[in-house]
Structures are given as C-alpha cells and as structure tokens.
Amino acid sequence: MNIAIIGAGVGGLTAAIALRAKGHHVNVYEQTAELKAIGAGFGVLPNAMHLLATVGLDDDIKRIGYSAGASIVRDLDGNRLPVENWPQKPSPLGSTYAVHRGEFQLLLASKLPAERVHLGKRAVKVQQLEGHARITFADGTDVTADLVIGAEGIRTVVQEAVGVQAPATSEGVMAYRALVPVEKLGWALEDQRLAIWFGPQRTFLCYLVSAGRIMNVVGYVPSDRDAEESWSAPAELDELRAEFAGWEPRVQETINAAESTFKWGIFDRPSLPTWSTASITLLGDAAHAMVPHLGQGANQAMEDAFALATILDGADKGSLAPLLKIYENLRIARTSLVQRVSREAGGLYRDFANDDLTKKAEAISDLIGSNHLAGYDAIAEARRALAQR
C-alpha cells in the first residue's frame, strides 16, 4: 500500500520503519523544517526494546543510550529507602535503555531514505474519500494515500477526520526538566544508577542518557498555575531551586550545575472510543496521550507502530478497513490500561497524606509490576488478534 504518515516523531518514524519492513511504500510528512536533536530523555522500556530489535535497532539504541536497569531510591534528606527494583522488576523481554529523545529521533530518521521524509509540511486537513484519504498542507499542496496515519502528537488534525476529540484536564502538576553534563556532577560519577528522591509533594528524578555523557533531570512539583503542555517552554532556574530548597546536597548540586531548565504542564486525557475510518487511523499521542508517571508514552507509540505493521503484513487497500478495526480494538484495550495505570501512579505520587515514603515508592512499584506493563509483546498480541478474527 501507499501509506502517508503525518509526524516525524518517535511514533511516526518507528511506524515508517516497521511498515517499510513489511513491503509498504511509506512517506512521512513533518511540519518542522529541520530535524534537530532537541528534547529531553526517556526510557526505551523492554516492551519497546524487543520490538526495535526485530528491525535491527537494538545495538544502535545501546550505543546512543545508557542502561537504566539499576536504580536507587532516597528521601529528600538523602537516606536510602529500602525499595528494590524500582520502578519495575526485570522483564523477560529485555532491558531498559535511557536515550535522549532528539538523538533517538535522528537515529530513526537515518534508517529511512531521505526522500521519504518530507520536512516543512504542516498538515491542516485530512479527509476520508472513496477508497483513499487526502492530506492538505499549509503550503497549499495535498497528497492522497491508501492509508493516512496521524502521528503528530496531541495537536493532531487527524482526530477531526476520525470524528473524535480528547479534552485535556490538568493534573495540577508541573515538571521541570534539565540536561546536565555528567562531569559536572561528582555524585553521578561515583554512582551512575537511575536515582529518584521522594519528598512531600515532590519527586526529583535523574538518569543518564547520550551514552552516559548527559544527566537527564526531572523535578515534579504541585502547581496551580497554567503551564504549557510542552517539553520546551522555558523556565527560570531560580524557580527550580526554590521548589527543592532544603533537599539533600546531591539534589542541590544537580540543580546548580544546570545551565537552563524548561517546564512542562502535566495534562490527562480520556481514552478515545475509536481511532479509525476506512483509510485513516491514529497512532501514539494523537490516539492516547497519557500522563508521564510510568514513562510509557513513547513506548506505547512504538507498540502501536509494530502492532499496526504486523496486522497490515500482506494487506492491500481492499482489505484495509477491517484490519484497521482489529488494530484499533487491540490497541485501545492496551493503551487504555496503560493510561489508567499511569493515572493511578500519578495519584500515588500526589498522595500527600501518606508521609511514609518507603510505602509510597513500594506502592508505585507494585502497581507497575502487577499490571505487567513492560512484559507485553505487541507483535505476538497482534498476531493473536489476527488469528481470532
């Protein structure tokens, strides 16, 4: 099939790679004029890592990332909390690697022919036509395809074509993010495990990305202010310092070593009842944006990509519509669960009445482990869904 993907983020590029591996003709359309290594870090969890291995990307991820398997949990005074395998137990599907989002995006793009990634193409309308779909761009051009995939994130125009919307609700939480060269952090040179500090109403998280060269820093704080739902809205370092004033020296050292920070308002969205028409479907945040408390957002987009490619293996435009329904039903069930568990984890983080920080950390770890989120095989589940049709 001729497939058009809107959005060259993690989900869109992964889908392009996975669908090309099944023999489809794929073009990606991205609104930005240039792909740059911007953004912060995230974990490629076992449920995504083993999928990427099927297209030969696992070694590349190990090269640009950093193993995030070992962790240490502390309170705000620096006392170690007796929590093992936080935030989740080892998965039979493999290990977790933390990556810089921008570096990972460029890696994915490098696996596609340059002429298949079209930059400076902002989609403004998508239409279902007879037997195909059309994308209209801001520059006045348009393209048609057998299948259009909306993978351009929370501000997608494709939801309108599908006839759905997902209103956002603020969690009353804001995240400060920063990237710090590891050589600036004496404590991190000595102990390179993923580290999290729990304190009343706040958490502070650090893990290495960029092959261990850069420390990714996230501080979650309560907020009654409106904050952009963006990874890159600028903030003041003095704000971050004030939020974690009095916390132990390693936290202070990390904040003082940062040269800049940006803030991200955390918003929740409900599950969508449908994702598809006959020739259009959704993928990633465009379909199931979720709060970040499990680190599963990008990983769910990659699950979508490989599930869709598996379901469309050998498909043509004549068989597309019922196959999209199989994809939709499978992925709505899975992503609705992950959205719910992410929401519940956020509630545990904000359980300010529970001042036993060890119990709080254990409860979060147990919630994740009991739902087997990192042990899910999207390819196997897609094959099972096909066999049951």
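**Notes on a predicted model: a sheet and the helices around it**

1. Let's start with strand 5, which is covered on both faces: S71, V73 and D75 are buried on one side, and I72 and R74 are buried on the other. Keep in mind while you look that this is a predicted model. If you wonder about the way those residues split into two sets, in a regular strand the side chains alternate between the two faces of the sheet. Counting along strand 5, five of its five residues are buried.

2. Where does strand 5 sit in its sheet? It is one of the two edge strands, running from 71 to 75, and the other edge is strand 16 (233-235). Each of these edge strands pairs on one side only. The sheet is open and has seven strands in the order 5-13-14-15-12-17-16, with mixed pairing. On average, neighbouring strands here are turned by 25° against each other, ignoring direction.

3. Now compare the pairing at the two edges. Strand 5 runs parallel to strand 13, and five bridges join them. To find your way in the viewer, look for D75, which stands opposite F198 in strand 13. At the other edge, strand 16 and strand 17 (residues 261-268) run antiparallel and are joined by three bridges. There, A233 has K263 of strand 17 as its bridge partner.

4. Which helices pack on this sheet? Helix 8 (residues 249-257) does, touching strand 5, strand 12 (169-181), strand 13 (194-199), strand 14 (202-209) and strand 15 (214-222). The direction of helix 8 makes about 65° with that of strand 14. Helix 12 (residues 357-370) packs on the sheet too, touching strand 5 and strand 13. Its direction makes about 125° with that of strand 13.

5. Next, a pair of helices. Helix 11 (residues 320-349) and helix 13 (residues 378-387) pack with their axes 10 Å apart, at an angle of about 130°. Because of that angle, helix 11 counts as oblique to helix 13. The crossing of the two is right-handed. On the helix 11 side the contact is made by L323, I326 and L330, and on the helix 13 side by E381, A382, A385 and L386. Sorted by class, the contact has six nonpolar residues, one charged residue and no polar ones.

6. Helix 4 (residues 101-110) is worth a look for its buried residues, which are G102, F104, Q105, L107, L108 and A109. What do they pack against? The list is helix 1 (10-21), strand 3 (41-44), helix 2 (46-53), helix 3, strand 6 (97-100) and helix 10 (297-311).

7. Staying with helix 3 (residues 58-64), find D60, which lies in it. Is D60 buried or exposed? Its relative accessible area is 15%, and buried means under 20%, so D60 is buried. Setting aside neighbours within four places in sequence, D60 is in contact with L107 and K111. You have met L107 already, as one of the buried residues of helix 4.

8. Last, a residue to set beside D60. G186 is in helix 6 (residues 186-190). With 31% relative accessibility, G186 counts as partly exposed. G186 and H100 are 86 residues apart along the chain, and their C-alpha atoms are separated by 21 Å.

How values were computed
Residues numbered from 1 in each chain as written. Predicted model: local features only at pLDDT ≥ 70, side-chain atom pairs only at ≥ 80, totals over all residues. Heavy atoms only, no water. Helix = DSSP H or I, 4+ residues; strand = E, 2+ residues; numbered from the N terminus. Buried < 20%, exposed > 50% of the residue type's maximum accessible area, 1.4 Å probe, protein only. Axes fitted to C-alpha atoms, helices over the stretch in contact; angles between N-to-C directions. Parallel < 35°, antiparallel > 145°, perpendicular 65-115°, else oblique. Left-handed = near helix turned anticlockwise from the far one by under 90°. Contact = heavy atoms within 4.5 Å. Nonpolar A, V, L, I, M, F, W, Y, C, P; charged D, E, K, R; others polar. Pairing = 2+ DSSP bridges.
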